[in-house]
Amino acid sequence: MAATHGVPRSFQEVILRLQGYWASKGCAVLQPYDMEVGAGTFHPATTLRSLGTRPWAAAYVQPSRRPTDGRYGENPNRMQHYYQYQVLIKPSPPDLQALYLGSLEAIGIDTALHDIRFVEDDWESPTLGAWGLGWEVWCDGMEVSQFTYFQQVGGHDCHPVSGELTYGLERLAMYVLGIDHVMEMPFNDPAAPIPLSYGDIFRQTEQEYSRWNFDQADTAMLLKHFEDAEAECDRILTAEPEDAAGRRIVMAHPAYDQCIKASHLFNLLDARGVISVTERQAYIGRVRALAKRCADAFVTTEAGGGVTG
Amino acid sequence: MPDLLIELFSEEIPARMQPRAREDLKKLMTDGLVEAGLTYGHAEAFSTPRRLVLAIEGLTAESPTLREERRGPRADAPAQAIEGFLRSTGLSRDQLEEREEKKGAMLYAVIERPGRKAPEIVAEVLERTIRAFPWPKAMRWSTGSLRWVRPLHSILCLLTTDAGAEVVPLEVDGIAAGATTRGHRFMAPDAFTVSSFEDYAAKLKAAKVILDPAEREAAIWHEATTQAFAQGCELVEDKGLLTEIAGLVEWPVVLMGGIGEAFLGLPAEVLQTSMKEHQKFFSVRNPKTGRIEKFVTVANRETVDHGATILAGNLKVLSARLSDARFFWENDLRTVKSVGLEGMGAGLSDVTFHNKLGSVADKIARIAALAREIAPLVGAGPDLAAEAARVVKSDLRSEMVGEFPELQGIMGGYYARAEGLPEAVAEACKSHYQPLGPSDEVPAEAVGMAVALADKIDTLAGFWAIDEKPTGSKDPFALRRAALGVIRIAVENGLRFGLAGIAERAIARARPGAPAPAAQRSDMVVAEQVAALHEQHLAETAADAPEGSGAEVAASLLAFFHDRLKVHLRDQGIRHDVIDACLAMPGNDDLALLVKRAEALAAFLATDDGVNLLQGFKRANNILTQAEEKDGVEYSFGADPKFAEDDSERALFAALDAGEAAIAPAMAAENFPAAMAAMAALRAPIDAFFEAVQINTDNQIVRRNRLNLLSRIRTICLQVADLTRLEG
């Protein structure tokens with residue numbers, strides 16, 4: 001049972017406290033999306049649900065993969081696989097800053113002893129055709145979260161505006177727990193019968209994926225998969241909105257899955273160093289085109305606020 | 001008279017936007033109030049991260065009643081005309097006055113606009129200001145449609161008189177103005193009510209908010225320098241950083257810490273840049289060692305442990321950052337040790353400079369060839385200049401510059417020294433980028449000058465070769481700055497060379513399809529040279545030349561240099577016609593010569609002698625030109641003193657003889673002031689000559705002789721500059 005006050009003792013306790021805190025503030029605590037994504041923002045609970053007029057409040061952990069950041073588990077705070085904690089509330093509540101500061105207190109950061117600052121940082125995702133204004137939040141000079149008011153997603157103006165919070169969980173937990181190397185961070189309670197460190201769980205996988213990402217991934221196959229995902233996304237969205245039984249079912253989410261796939265495949269190709277500077281922009285543009293079409297489709301659906309009654 | 005206080009309270013305003021926002025708030029409000037008929041004594045704007053504030057003293061309580069009288073048509077004018085007048089005034093017929101005038105009864109409209117009370121005007125102007133505020137980037141939030149830099153939470157708008165304070169009734173997107181605000185986010189978060197600006201500023205201070213950014217800056221600077229001094233150190237001044245930090249805190253608390261021993265060996269620029277860019281720390285230097293050994297950070301609150309936790313956290317982040325920096329530094333040094341600085345830049349062949357102008361490596365090869373050509377003209381060794389050109393951009397591939405692009409050139413210098421390259425090469429790594437702006441220095445060493453000129457001329461030549469010239473306000477490749485750089489390097493170092501030939505050859509090298517300049521290196525084998533020559537031949541025959549011959553493109557580039565030179569000299573107070581007069585002379589592609597001539601001419605024209613001589617020249621030139629046009633001949637030779645009739649005429653012959661004798665050697669020595677001083681001596685004889693004689697006399701021999709004499713005046717004067725282009 002995790003304590004709810006004092007300083008947490010493990011990585012998972014930081015996560016559990018965040019889950020408890022945001023649940024107590026009325027968020028639906030969702031589970032991670034079951035696909036490879038570069039950041040928590042890619043979860044349809046953020047990307048798609050920030051669109052349209054229907055209110056939304058969700059919080060979740062999202063495993064995130066950035067193949068180029070792999071360091072074979074040797075760097076103290078850089079990995080190709082890590083966790084983000086993501087909160088999205090639409091419309092953004094007037095006291096979102098206070099709610100956020102409450103979450104820091106919940107994980108043991110005493111704001112009376114620390115220096116918390118909101119430092120300008122505008123967010124933009126060229127692959128999602130999205131941007132917003134906000135800050136990076138500093139705790140004693142360290143960036144612990146991103147705080148963004150979404151203005152546009154998938155090329156659509158956000159109305160109402162969502163407030164998005166993204167916590168880099170490893171970095172935040174290392175700070176709270178006073179750990180210098182991520183692999184040394186206790187994952188479960190250090191007093192548990194079988195204490196496990198972050199390294200016990202992830203050092204080997206970091207090595208394996210770093211080798212695969214940088215040296216082994218079959219680039220011809222990845223390229224083919226990229227094009228397949230792109231084609232399938234297009235096909236899904238071009239299909240008639242009515243199925244054989246005459247029901248109107250726009251397949252925004254299956255199409256968006258293909259967009260997520262294309263984005264991750266692009267990241268893998270990038271890590272393999274086979275994408276030149278000029279090609280880069282073209283690939284990003286192709287993924288963005290998919291994201292925009294998915295957004296266009298989503299806002300015609302019921303969840304997207306496009307169907308009333 | 002009431003005082004006005006406005007506070008727009010929001011979530012954190014980016015520090016960099018605050019100075020401009022203060023100005024905008026003040027201007028939009030005071031302009032709007034004045035336009036609506038109010039006047040005021042004094043206005044001042046303030047900001048903190050969470051508030052934008054305007055205080056106006058001595059605002060008038062209401063705008064004056066305005067009375068406007070308009071004369072209309074005659075009382076018995078056609079109905080249509082009267083109706084038109086009624087429409088334009090918004091009055092009815094019975095509201096018009098009739099006045100008897102000479103022409104008969106005329107209609108008059110007297111429109112009275114009653115004065116309005118200050119609160120009504122303030123509310124109107126403030127709402128307009130908020131809705132149209134020119135933030136560089138604004139946003140919506142929640143369900144609203146209002147745009148502000150970050151969510152706007154409250155508006156305080158108060159008119160204060162001796163009788164008391166009054167809230168100005170105002171509502172913008174559901175936010176109603178009031179008399180309350182809040183203190184520091186963490187140290188005094190409660191709301192409180194204020195009654196005047198003095199009350200507001202005092203209560204804010206009690207609530208741990210210093211309103212005035214200048215006061216915060218002063219407090220930070222004073223405390224930081226004091227703490228550094230107490231440790232026998234000195235703070236590295238950084239005004240931009242100070243202003244930024246003052247925009248990030250409401251209650252500055254200065255904390256000083258030491259940099260770990262392990263990082264003290266890093267170059268000072270690396271420490272400073274890393275601490276400033278990532279952490280917004282000031283650097284603290286130990287004057288005894290000359291090293292950056294400590295830092296100052298500014299927190300936004302007091303704590304019971306006197307900042308111990310905050311400082312410890314900051315130190316931890318700093319260590320992580322500097323570990324990265326040391327990792328880059330050590331890797332880079334290892335690279336330089338194994339493959340040299342030139343080897344470090346090998347990957348630049350994969351970096352595109354411009355898709356029509358090849359890779360950065362291609363550009364470097366062109367710069368090396370050009371630097372070799374320019375070197376003898378600026379007193380540098382050609383081999384050394386070419387060697388420098390090949391390595392000055394290598395650090396673009398270093399890990400350190402990858403992390404901190406602003407350290408380009410500086411790191412190259414460190415790595416060149418680590419490799420043991422000549423000091424002139426190490427210097428050129430940084431100086432070849434100079435001047436970076438109008439206030440930056442130009443390179444002072446010959447090798448740096450050669451490479452800086454080569455780099456900039458190649459950039460210009462390249463974009464001219466592919467016809468990507470700056471147009472209007474569009475100059476995406478900063479070509480104007482490059483041209484000004486070339487001008488300043490040449491002029492400020494007094495470098496003498498003709499630009500036209502250099503530019504033409506640079507354009508030929510940069511043209512798409514041109515052969516890559518042969519890397520003139522001793523280890524290049526003959527077979528490679530033969531192959532390169534063969535390729536060059538193929539390229540020359542195959543290259544599809546862009547429009548215009550090389551000479552035409554070079555002429556266009558030279559004209560661009562002349563335009564930039566005009567702008568540059570105009571900023572220094574030299575008239576455009578003076579520059580035109582000098583541009584018309586031969587050798588106008590020698591920028592330093594051009595400037596020398598223009599400066600001498602401008603100085604000469606600032607004297608009485610100069611102005612009068614110019615008049616004398618113009619008179620002589622006009623008479624001569626008219627006579628030449630009329631007679632269809634050129635009077636250019638053979639004035640003979642024996643045909644002189646008047647003493648003044650003989651005196652002028654003597655003066656011209658003396659003048660020519662003095663001017664010729666001065667011109668040969670390019671001593672323009674001396675040549676112009678000698679010309680000035682001609683002023684009196686010329687004036688006296690025009691006074692005494694008539695040029696167009698009936699005696700054709702005398703007339704011809706005098707015209708030929710005028711021709712001598714013209715020839716002498718035109719030696720220094722084309723004076724016909726001067727105005728006045």
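## Reading sheets, backbone features and contacts in a two-chain model

Mentor: In chain B, the strands β4-β6-β5 form, in that order, an open sheet of three strands with antiparallel pairing. This is a predicted model, in which local features need pLDDT of at least 70 and side-chain atom pairs count only at pLDDT 80 or more, while totals for chains, interfaces and linings use all residues. Residues are numbered from 1 along each chain as its sequence is written, and chains are lettered from A and ligands numbered from 1 in the order in which they are written.

Trainee: Which strands stand at the edges of that sheet?

Mentor: Strands of a sheet pair through backbone hydrogen bonds, either parallel or antiparallel. Here β4 (66–74) and β5 (97–101) of chain B each have a single partner strand, so one side of each is left without a neighbour in the sheet. From one strand to the next, the twist averages 35°. Helices (H or I, at least four residues) and strands (E, at least two) are DSSP runs, numbered from the N terminus. Two strands pair if DSSP finds at least two bridges between them.

Trainee: How many bridges join β4(B) and β6(B)?

Mentor: Seven bridges link β4(B) to strand β6 (residues 104–113) of chain B in the antiparallel sense. Within β6(B), B:M106 is the residue opposite B:R74.

Trainee: Which helix lies across these strands, and at what angle to β4(B)?

Mentor: Axes are lines fitted to C-alpha atoms, for helices over the stretch in contact, and angles run from 0 to 180 degrees between N-to-C directions. Two residues are in contact if their C-beta atoms, placed from the backbone, lie within 7 Å. Helix α2 (residues 79–89) of chain B lies across β4 and β6 of chain B and runs at about 165° to β4(B).

Trainee: What is the strand order in the open sheet of four strands in chain B?

Mentor: The order is β13-β15-β16-β14 (chain B), again with antiparallel pairing. Its edge strands, β13 (234–235) and β14 (253–258) of chain B, each pair on one side only. Two bridges connect β13(B) to strand β15 (residues 282–286) of chain B in the antiparallel sense, and B:L235 has B:V284 of β15(B) opposite. Helix α5 (residues 213–230) of chain B lies across β13, β14, β15 and β16 (291–299) of chain B, at about 30° to β14(B).

Trainee: Why is strand β3 of chain B described as largely enclosed?

Mentor: A residue is buried if 20 or more other C-beta atoms lie within 10 Å of its own, exposed if 12 or fewer, and partly exposed in between, with C-beta atoms placed from the backbone. Six of the seven residues of β3 (residues 51–57) of chain B are buried, so the strand is largely enclosed by the rest of the structure. Strand β1 (residues 3–10) of chain B runs antiparallel to β3(B), and six bridges join the two; B:L8 faces B:L52 of β3(B) across this pairing. Strand β2 (residues 42–48) of chain B pairs with β3(B) in the antiparallel sense over seven bridges, with B:V53 as the bridge partner of B:F46. A hairpin with two residues between the strands is formed by β2(B) and β3(B).

Trainee: Where are the cis peptide bonds?

Mentor: One joins A:K90 and A:P91, with omega about -5°; A:P91 lies in the loop between β3 (81–90) and α3 (96–106) of chain A. Another joins B:Q434 and B:P435, also with omega about -5°, and B:P435 lies in the loop between α13 (423–431) and α14 (446–465) of chain B.

Trainee: What is phi of B:D173, and where does this residue lie?

Mentor: Phi of B:D173 is near 50°, a positive value in a residue other than glycine. The residue occupies the loop between β9 (171–172) and β10 (175–178) of chain B, and B:D173 counts as partly exposed, with 15 C-beta neighbours inside 10 Å.

Trainee: How many residues does each chain give to the contact between chain A and chain B?

Mentor: The contact takes 26 residues from chain B and 26 residues from chain A. On the side of chain B, the elements giving two or more residues are β16 and α8 (308–344) of chain B, and α8(B) supplies the largest share, five residues. That side divides into nine nonpolar, ten polar and seven charged residues. Ala, Val, Leu, Ile, Met, Phe, Trp, Tyr, Cys and Pro count as nonpolar, Asp, Glu, Lys and Arg as charged, and the others, Gly among them, as polar.
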